[in-house]
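Morning, everyone. I'll take one helix and then a few charged pairs. Please bring the structure up.

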Amino acid sequence: MPEEKRHPTALEKQRLYNTYAGAYEERTKGYTSFLAPDYERFLSLLSGKRILDLGCGPGRDSAIFAARGYRPLCVDLSEEMLKCCRARGLRTLQMNIECLELPEESFHGAWSYTSLDRKSTRLNSSHANISYA
């Protein structure tokens, strides 16, 4: 009988992303041209300017949104990834996106490039009004 694959814990993921934040940022710099059609589609569906960027990494996508006049909130488990975001002038919130507890804000859309495909995410906040575009 094959052994069941174990998924990394939140602490293990945090350590990994903290270790490789700079390398990840450098490696994915050119992705914006590849993602341009996805950005356009997502932004066209929003009714306002507030975006929740879940598993934001170094803030590559949120920087694009902010440059277009949107107000992203970068949420990530990794402090090192969030340092990259803050270096870009982006708002950040350190949190495990698998157990969200959001501030009393309303978001017009939630963006996640690759984070939500790994595991279903529970949105644990009666204060958040999140619509998925």
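Start just past helix 4: the residue there is G89, with a positive phi near 80°. Helices here are DSSP runs of H or I, at least four residues, and strands are runs of E, at least two, both numbered from the N terminus. This is a predicted model, where local features need pLDDT of at least 70, side-chain atom pairs count only at pLDDT 80 or more, and totals for chains, interfaces and linings use all residues. Residues are numbered from 1 along each chain as its sequence is written, and side-chain values use heavy atoms, with hydrogens and water left out.

Back to helix 4, residues 79-87. Its buried residues are M81, L82, C84 and C85. Buried means under 20% relative accessible area, exposed over 50%, partly exposed in between, with a 1.4 Å probe and protein chains only. Down the helix axis, the buried residues fall within an arc of 150°, so they line one face. The arc is taken over directions from the axis to the C-beta atoms.

Now salt bridges: a side-chain nitrogen of Lys or Arg within 4 Å of a carboxyl oxygen of Asp or Glu. The count is 8. One of them joins E98 to K13, with the closest N and O atoms 2.7 Å apart. E98 sits in the loop between strand 3 and strand 4, and K13 in helix 1, so the pair ties together parts 85 residues apart in sequence. E98 is buried, at 19%.

R60 and D61 also pair, at 2.8 Å, N to O. Both are buried.

Helix 4 has E80 with K83, at 3.0 Å. E80 is partly exposed at 29%, and K83 is partly exposed at 43%.
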